[in-house]
Amino acid sequence: MARRVVVALLGPVHWSPPGVDLAQWRAALAEDVIDLLATLNEVEVAVAVTPADRDLADALVWPGTAVYEVAEPTPNAVFAALEGYDQAAVLVSDVPDLPALTVGKLLRPLTTRPVAVAPVEGGGPGLLGVAVRLPAPNWLPRLELDTATPAEARANAPRPGDVAVTAGWRRLRGPADLATLDPAFEGWEATRALLSGSARPA
């Protein structure tokens, strides 16, 4: 069986709801994504940050979770830092209510394709995540998760089909996204608590 890792990339967050501290908001989103990944089967879980955010990662990870320091918050930098894995997926950290099934769908094409990308639902800019067979192919361009598109990911591929496009999900990057949160959906406890005004002390 392939050894697989799913990495939460704690990149910058540029928006928070009115009255919510941006640093607290970022930490709550990241905590929920890390908690979600911890429930996945048949994958290892890790977190990646730039050196400036190491304290944030250390405060949120479960015991024994690997934390990778990368020079820049891109999937490419994370893939380059990984050793001993056959497959890897890098996910953004502003998706607190991401269904676990969506992560599985991102990894599934790697049995036949070298790269898979999950777009932002609704056609917004950026990606939800990128998955590759390691080592990552040298034709994969540097991808910024806030702005990259599936077309950009496959621009240099030998064949367009080498990059699978999987199910998307929306990211919490503005008021319109916030309105789509479903209170009946299980999970996203830290984000839910912060929005309800009952956030736990830092």
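Start by selecting Arg 4, Val 6, Leu 40, Asn 41, Val 43, Ala 100, Leu 101, Val 103, Gly 104, Leu 107 and Arg 108: together they line the second largest pocket of this predicted model. Show them as sticks and look at the space they surround, which has a volume of about 210 Å³. Now colour strand E1 (4-9) and helix H4 (100-107), since each of these supplies at least two residues of the lining. Which of the elements gives the largest share of the lining? That is H4, with five residues. Colour the lining by class next, and you'll get seven nonpolar, two polar and two charged residues.

**How far to trust what you see**

Switch to colouring by pLDDT. The protein averages 94, and 98% of the residues score at least 70. Then select residues 198-202, where the pLDDT is below 50. Beyond near neighbours in sequence, that stretch has five contacts in the model. Don't zoom in too eagerly there, because predicted coordinates should not be read in detail where pLDDT is low.

**Some backbone stops**

Go to Leu 134 and Pro 135 and look at the bond joining them: this peptide bond is cis, with omega at about -5°. Pro 135 belongs to the loop that runs between strand E6 (127-133) and helix H5 (150-153).

Next, pick Glu 42. You'll find Glu 42 in the loop between helix H1 (22-37) and strand E2 (44-49). Its phi is near 65°, a positive value in a residue other than glycine. Is Glu 42 buried or exposed? With a relative accessible area of 55%, Glu 42 is exposed.

Trp 188 makes a good next click. Here phi is near 40°, again a positive value in a residue other than glycine. The loop holding Trp 188 sits between helix H6 (175-178) and helix H7 (189-195). Turn on the surface and compare with Glu 42: Trp 188 is buried, at a relative accessible area of 7%, while Glu 42 is exposed.

**On to the salt bridges**

Side chains of opposite charge can pair when their charged atoms come close. The structure holds twelve salt bridges, and you can visit some of them now.

Select Glu 69 and Arg 54. Their closest N and O atoms are 3.2 Å apart, in a salt bridge. The pair links distant parts of the chain, with Glu 69 in strand E3 (residues 66-69) and Arg 54 in helix H2 (residues 54-60), 15 residues apart. Glu 69 counts as partly exposed at 40% relative accessibility, and so does Arg 54 at 27%. Add Asp 58 to your selection, and you have a network of salt bridges linking Arg 54, Asp 58 and Glu 69.

Move on to Glu 72 and Arg 142, whose side chains meet in a salt bridge at 3.1 Å, N to O. Glu 72 is in the loop between E3 and helix H3 (75-81), Arg 142 is in the loop between E6 and H5, and the two are 70 residues apart. Glu 72 is partly exposed at 26% relative accessibility, and Arg 142 is partly exposed at 45%.

Finish with Arg 171 and Asp 94, a salt bridge whose closest N and O atoms are 2.9 Å apart. Which parts does this pair tie together? Arg 171 lies in the loop between strand E7 (163-165) and H6, and Asp 94 in the loop between strand E4 (87-91) and H4, so the bridge joins parts that are 77 residues apart in sequence. Try the surface view once more here: both Arg 171 and Asp 94 are buried.

Key
Residues numbered from 1 in each chain as written. Predicted model: local features only at pLDDT ≥ 70, side-chain atom pairs only at ≥ 80, totals over all residues. Heavy atoms only, no water. pLDDT = per-residue confidence, 0-100. Contact = heavy atoms within 4.5 Å. Helix = DSSP H or I, 4+ residues; strand = E, 2+ residues; numbered from the N terminus. Buried < 20%, exposed > 50% of the residue type's maximum accessible area, 1.4 Å probe, protein only. 1 Å grid on protein atoms, 1.4 Å probe; cavity = no way out; pocket = protein on both sides within 12 Å on 5 of 7 lines; lining within 4 Å. Points joined across faces, edges and corners; volume = space filled by probe spheres on them. Nonpolar A, V, L, I, M, F, W, Y, C, P; charged D, E, K, R; others polar. Salt bridge = Lys/Arg side-chain N within 4 Å of Asp/Glu carboxyl O.
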